[in-house]
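Me: I have a structure to go through with you. Let's take it one question at a time, with short answers.

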Amino acid sequence: MSLIYEPAEDSYLLCHVLEKELPLLLKQNPNLKFLEIGVGSGIQLETAKEIGVKKENIFGVDKNMEAVNHCRLLGFEVNESDLFENVVQNYDVIVFNPPYLPEDSLEDEESKLITTGGVKGSEVINEFLIQAKERLNKKGKIFLLISSLTEGINYNGWKKKLIGEKNVFFENLRVYSLSF
Ligand SMILES: C[S@@+](CC[C@H](N)C(=O)[O-])C[C@H]1O[C@@H](n2cnc3c(N)ncnc32)[C@H](O)[C@@H]1O
């Protein structure tokens, strides 16, 4: 059985950013389509619903089938997928609170899936940034959480703006809004 990520400071920072940013985007487009990569407990899906994104426009994926089943029980449309592998439509908002920590040989395999983003911490994020280009609508926005501990992110042409930040123990968490 794989672990489901329990909401932590990174989750709450991303929720806070969604509460700040989504209302204006919904005003411009009440039918906006929302996708989360890496749903975990479903906290961001619930936040999107509470803010007013129509439930039928909220989608999610996770590599971890336990998280997929959990979010399906909450009533959301969620599929198993490694990043965008099983995502076929395009979205106006895509959010990702990724595994962003550099590899730690002492960490067990299950928890690595949730927290470790490769040797430098940025491998999963860099692959996400490449694949997301195919799945974001023209005027769409990505909300991506990263840590000061993540090294080597390649923004590769994305326009980025810092829209949320918090110091937690030994790291600085940040949320960037990315667009074309
Ligand atoms: C840090 S947790 C975030 C969970 C939740 N979104 C939150 O904000 O609390 C990262 C999530 O991404 C999932 N994940 C990791 N690598 C993934 C990948 N390549 N494709 C899809 N999901 C992935 C993990 O299983 C985990 O549920």
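Me: Is Phe 169 buried or exposed?
Reply: This is a predicted model. Phe 169 lies in the loop between E6 and strand E7 (171-179). A residue is exposed if 12 or fewer other C-beta atoms lie within 10 Å of its own. Phe 169 has 5 such neighbours, so Phe 169 counts as exposed.

Me: What is the phi of Phe 169?
Reply: Phe 169 is not a glycine. Even so, its phi is positive, at about 45°.

Me: Where is Asn 156?
Reply: Asn 156 is exposed, with 9 other C-beta atoms within 10 Å. Its phi is positive, about 40°, although Asn 156 is not a glycine. Asn 156 sits in the loop between E5 and strand E6 (159-168).

Me: How many other C-beta atoms lie within 10 Å of Lys 139?
Reply: Lys 139 is part of strand E5. The limit for an exposed residue is 12 or fewer. Lys 139 is exposed because its count is 11.

Me: What distance separates the C-alpha atoms of Lys 139 and Ser 179?
Reply: Along the chain, Lys 139 and Ser 179 are 40 residues apart. In space, their C-alpha atoms are separated by 7.4 Å.

Me: Which strand gives the largest share of the largest nonpolar core?
Reply: The core has 43 residues. Leu 14, Phe 34, Ile 94, Phe 143 and Leu 144 touch the most other members. The largest share is 6 residues, and they come from strand E5 (residues 136-147).

Me: Which residues is Ile 94 in contact with, leaving aside its neighbours within four places in sequence?
Reply: Ile 94 is one of the core residues that touch the most other members. With those sequence neighbours set aside, its contacts are Leu 35, Ile 37, Ala 132, Arg 135, Leu 136 and Ile 142.

Me: Which residues come nearest to the ligand?
Reply: The shell around the ligand holds 14 nonpolar, 8 polar and 3 charged residues. Of these 25 residues, the nearest are Tyr 5, Ser 11, Gly 38, Gly 40 and Asn 97. Elements that give two or more residues to the shell are helix H1 (9-28), helix H2 (43-51), strand E2 (58-62) and helix H4 (109-115).

Me: What is the handedness of the crossover from E2 to E3?
Reply: E2 and strand E3 (residues 77-80) run parallel, joined by 4 bridges. In one of these pairings, Asp 62 has Glu 80 in E3 as its bridge partner. The chain passes from E2 through helix H3 (residues 65-73) to E3, and this β-α-β crossover is right-handed.

Terms used: Residues are numbered from 1 along each chain as its sequence is written. This is a predicted model: local features need pLDDT of at least 70, side-chain atom pairs count only at pLDDT 80 or more; totals for chains, interfaces and linings use all residues. A residue is near a molecule or strand if its C-beta atom, placed from the backbone, lies within 6 Å of it. Ala, Val, Leu, Ile, Met, Phe, Trp, Tyr, Cys and Pro count as nonpolar, Asp, Glu, Lys and Arg as charged, and the others, Gly among them, as polar. Two strands pair if DSSP finds at least two bridges between them. A crossover is right-handed if, with the strands pointing away from the viewer, the path from the first strand over the helix to the second runs clockwise. A nonpolar core is a set of buried Ala, Val, Leu, Ile, Met, Phe, Trp, Tyr and Cys residues joined through C-beta atoms within 7 Å. A residue is buried if 20 or more other C-beta atoms lie within 10 Å of its own, exposed if 12 or fewer, and partly exposed in between; C-beta atoms are placed from the backbone. Two residues are in contact if their C-beta atoms, placed from the backbone, lie within 7 Å.
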